[in-house]
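User: Hi! I am new to this one and would like to understand how its labels are earned. Could you walk me through some of them?

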Amino acid sequence: MRTGDPLGRRAFVVGAGAAALAGGPVGPARAGVVDGPLPDFHPALKAALTFPLAWGNSPVRDFRAWRRAARAKLEEHLLVDREDGTPYAPAFTGRTQGEGFTRELVTLSLTRYERVRAALLTPHGRGPFPAVLLLHDHGAKFDIGKEKLVRPWYDDTRLASAQAWADKYFSGRFVGDELARRGYVVLCADALGWGDRGPVAYDQQQALASNFYNLGSSLAGLMAREDARAAEFLAGLDRVDARRTAAVGFSMGAYRAWQTAALTDSVRATASVCWMTGLKEMMVPGNNTLRGQSSYCMLHPGLPRFLDFPDVAGIAAPRPMLFFDGGLDPLFPADGVRVAYDKLRAVWQSRHAEERLHLKTWPQLGHVFVDRMQDEVFDWLDAVL
């Protein structure tokens, strides 16, 4: 395992399936063969994905009605019920002073099943303040979750691990601390399997996800529900201006950010760094997605029969959204990014809100969220919030 890889990628070999994808012959003797991680007939399966519920494809022409229908379809495929009646019952502990802000831990119920501990940063001064729900990446690194983005003041062992992660992907910065210094309330919690809620081992992920399915539930669906609930909790704090709340994430956290905006109107703006593509363009030999494992954190079975990734993100239109990708990012092929950006642009243009959508490729960068990218995101948040 490459422990520094933000999506837990491993090398693997694809045989004749690659020839089939490239248009090579698949004779009768090969019918039904499973070659590597794809069935031989996967081109036919991909061709059948027409995303009929996407805006522009759907017979529903009223945008508000389409949003309701698309969100309902997304929620249906989460396989996890909403938690409207479950009280958060927050308990605040571990308060200390940072540089221009107060740190504390908050333990709350994001679902009926367990309590979750999150880091909460509040700027000094009089509120209410704008706020950011900060969503951590995958990285095949499970000993830290929220600590990837918020400097842990409560655990020296995690601090060493977190600083090494920040050095590798964030120019040595803790993004949450930077936001708090700029005047934002920041909330960051562990997803199931990370930090306080783990660590899961790399090779356990697929079994964990399949056992959720056996139990009539979903690992990715649980994560989606928890993130939406966290956004609503944050927007409801007295110290927060609910009209100025955002979701921000890198890698898997970027996926979580636009997904959260699709699920709840409590997110008023979204910044998503290094996770957006067309599904069919991502499902190619050599891509990390084909390995399974980490993909289960972002897999809602059956949803691609209706919506592509950018179609889901478009549910949040015309609220402000920023998407960055790295031109050298091996996880998201350039043609997939182009397809996704074109779809997103069409949705916001249909709402006469092109100025609220910020799409950018950083040609010389890979799968990172370095300081100059962060600064541009921070300035964008200041402008739209």
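User: What makes the meeting of the Arg239 and Glu104 side chains a salt bridge?

Analyst: In this predicted model, N and O of the two side chains of Arg239 and Glu104 are 2.8 Å apart. The cut-off is within 4 Å, so the pair counts as a salt bridge. The partners come from distant parts of the chain: Arg239 is in the loop between H7 and S8, Glu104 in strand S4, and 135 residues separate them.

User: Why is Glu104 called buried?

Analyst: Glu104 has 2% relative accessibility. Buried means under 20%, so the label fits. Arg239, at 23%, counts as partly exposed, because that class runs between 20% and 50%.

User: How do you know that Asp196 and Arg158 form a salt bridge?

Analyst: Their closest N and O atoms are 2.7 Å apart, and the limit is 4 Å, so they qualify. Asp196 sits in the loop between S7 and helix H6, Arg158 in helix H4, 38 residues apart. Both also belong to a salt-bridge network that includes Arg117 and Asp190.

User: Which label does Arg158 get, buried or exposed?

Analyst: Arg158 is buried, since its relative accessible area is 15% and the cut-off is under 20%. Asp196, at 31%, counts as partly exposed.

User: Why are strand S3 and strand S11 called edge strands?

Analyst: The open sheet has 9 strands in the order S3-S4-S5-S7-S6-S8-S9-S10-S11. Strand S3 and strand S11 each pair on one side only, and that makes them the edge strands.

How values were computed
Residues numbered from 1 in each chain as written. Predicted model: local features only at pLDDT ≥ 70, side-chain atom pairs only at ≥ 80, totals over all residues. Heavy atoms only, no water. Pairing = 2+ DSSP bridges. Helix = DSSP H or I, 4+ residues; strand = E, 2+ residues; numbered from the N terminus. Buried < 20%, exposed > 50% of the residue type's maximum accessible area, 1.4 Å probe, protein only.
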